[in-house]
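User: Please examine the following model with me, taking its bound ligands and its backbone geometry in turn.

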Amino acid sequence: MSQVYVSQHPLVQHKLTLLRDKHTDSKKFRELVKEIAIFMAYEATADLQVEPVTVETPVAPAQGFRLKENIGLVPILRAGLGFVAGVWEMMPSAEVWHIGLFRDEKTLRPVEYYNKLPVRPTVDVCLVLDPMLATGGSAIATVDILKKWGAGRIKFMGLIAAPEGLERFTAAHPDVPVYLAAIDDHLNETAYIVPGLGDAGDRQFGTA
Ligand code: PRP
Ligand code: URA
């Protein structure tokens, strides 16, 4: 059974509302995506495993913990790149493996154009990053790729999902927890999320 977590953090909700606003320009949009990613990474990584470690403070040895698992950030190009900026700041030792997919606007099916994953998995946990889960096609295809690669634990982190796409995703990958900032109302006739925030890639990269 999939676990779907929708952030209730007031700052996430505040920043998401600014992000949705059509008057928010690209520079501000990128800043907000990065800031929200930091809050969401906090929630999405709460169950990472740690191991005990001892360090020397200037005063005495101190018992502490360090991350036991290797983390892989998997942004779906293009829009997932904005998420990397925030999450990577929190986990600078994470590996970043880009997956290039675009949604064919006629068939609405994801088309793969970039994948440089090495032959064998190099990470224990993959955090798939894409702000928008609309029909769910891109997210499902990316997790399919990672599972074929042999990835162990996979998590999905996004901003906004449409109920239709979320249902498809959780049916296809019930073992993958989903972290979101909002679940919106529906998809429109061109499979855009309503109310959503428009085209996340175009708004980040100023290509609308
Ligand atoms: C957007 C978004 C997701 C996808 C979601 O990417 O970033 O990857 O659409 O739609 P889906 O759930 O119906 O697959 P887009 O194809 O616009 O590419 P871009 O990020 O390069 O603009
Ligand atoms: N991709 C986006 O960027 N926005 C949507 O609403 C749907 C797909």
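User: In this predicted model, how far is an oxygen atom of ligand 1 from a polar backbone atom of alanine 134?
Analyst: The model is predicted, not experimental in origin. Alanine 134 is among the closest of the 15 residues that surround ligand 1. The pair consists of an oxygen atom of ligand 1 and a polar backbone atom of alanine 134, and their separation is 2.8 Å.

User: What percentage of the area that ligand 1 exposes when taken alone does the protein bury?
Analyst: An oxygen atom of ligand 1 also lies 2.8 Å from a polar backbone atom of arginine 103. Taken alone, ligand 1 exposes 500 Å². The share of this area that the protein buries is 91%.

User: Which residue has a polar side-chain atom 2.6 Å from an oxygen atom of ligand 1?
Analyst: The closest residues to ligand 1 are Arg103, Asp130, Ala134, Thr135 and Ser138. For the contact at 2.6 Å, the polar side-chain atom belongs to serine 138.

User: Which helix supplies at least two residues of the shell around ligand 1?
Analyst: By class, this shell comprises six nonpolar, five polar and four charged residues. Strand 6 (99-103) and strand 9 (132-133) each supply at least two of its residues. The helix that does so is helix 4 (137-149).

User: What is the approximate volume of the largest pocket?
Analyst: The space taken by ligand 1 is the largest pocket. The space taken by ligand 2 is the largest pocket as well. The volume of this pocket is about 530 Å³.

User: How many residues line the largest pocket?
Analyst: Closest to the centre of the pocket are Arg103, Asp130, Met132, Ser138 and Asp199. The lining divides into 15 nonpolar, six polar and five charged residues. The number of lining residues is 26.

User: Which helices each supply at least two residues of the lining of the largest pocket?
Analyst: Strand 4 (71-77), strand 6 and strand 9 each supply at least two residues of the lining. The helices that do so are helix 4 and helix 6 (200-205).

User: Which residue has a backbone N or O atom 2.8 Å from a nitrogen atom of ligand 2?
Analyst: The residues around ligand 2 are Arg103, Met132, Ala134, Ala191, Tyr192, Ile193, Gly198, Asp199 and Ala200. An oxygen atom of ligand 2 lies 2.8 Å from a polar backbone atom of isoleucine 193, and a backbone N or O atom of alanine 200 lies 2.8 Å from an oxygen atom of ligand 2. For the nitrogen atom of ligand 2, the residue is glycine 198.

User: What area does ligand 2 expose when taken alone?
Analyst: The shell around ligand 2 divides into six nonpolar, one polar and two charged residues. The protein buries 87% of the area that ligand 2 exposes when taken alone. That area is 240 Å².

User: Which residue does a cis peptide bond join to leucine 77?
Analyst: Omega of this bond is about 0°. The residue joined to leucine 77 lies in the loop between strand 4 and helix 3 (81-90). This residue is arginine 78.

User: Where does proline 195 lie?
Analyst: The peptide bond from valine 194 to proline 195 is cis, with omega near 0°. Proline 195 lies in the loop between strand 15 (193-194) and helix 6.

User: What value does phi of leucine 108 take?
Analyst: Leucine 108 is in the loop between strand 6 and strand 7 (110-115). Phi of leucine 108 is positive in a residue other than glycine, with a value near 65°.

Methods
Residues are numbered from 1 along each chain as its sequence is written. Chains are lettered from A and ligands numbered from 1 in the order in which they are written. This is a predicted model: local features need pLDDT of at least 70, side-chain atom pairs count only at pLDDT 80 or more; totals for chains, interfaces and linings use all residues. Side-chain values use heavy atoms; hydrogens and water are left out. A residue is near a molecule or strand if one of its heavy atoms lies within 4 Å of it. A polar contact is a pair of N or O atoms within 3.5 Å; within protein, one must be able to donate a hydrogen and the other to accept it, and residues adjacent in sequence count only if both atoms are side-chain atoms. Accessible areas come from the Shrake-Rupley method with a 1.4 Å probe; for residues, only the protein chains shown count as cover. On a 1 Å grid over the protein atoms alone, a cavity is a set of points where a 1.4 Å probe fits but cannot get out, and a pocket is an open set with protein on both sides within 12 Å along at least five of seven lines; lining residues have an atom within 4 Å of a point. A molecule sits in a cavity or pocket if more than half of its atoms lie within 2 Å of its grid points. Helices (H or I, at least four residues) and strands (E, at least two) are DSSP runs, numbered from the N terminus. Ala, Val, Leu, Ile, Met, Phe, Trp, Tyr, Cys and Pro count as nonpolar, Asp, Glu, Lys and Arg as charged, and the others, Gly among them, as polar. Grid points are joined across faces, edges and corners, and a volume is the space filled by probe spheres set on the points.
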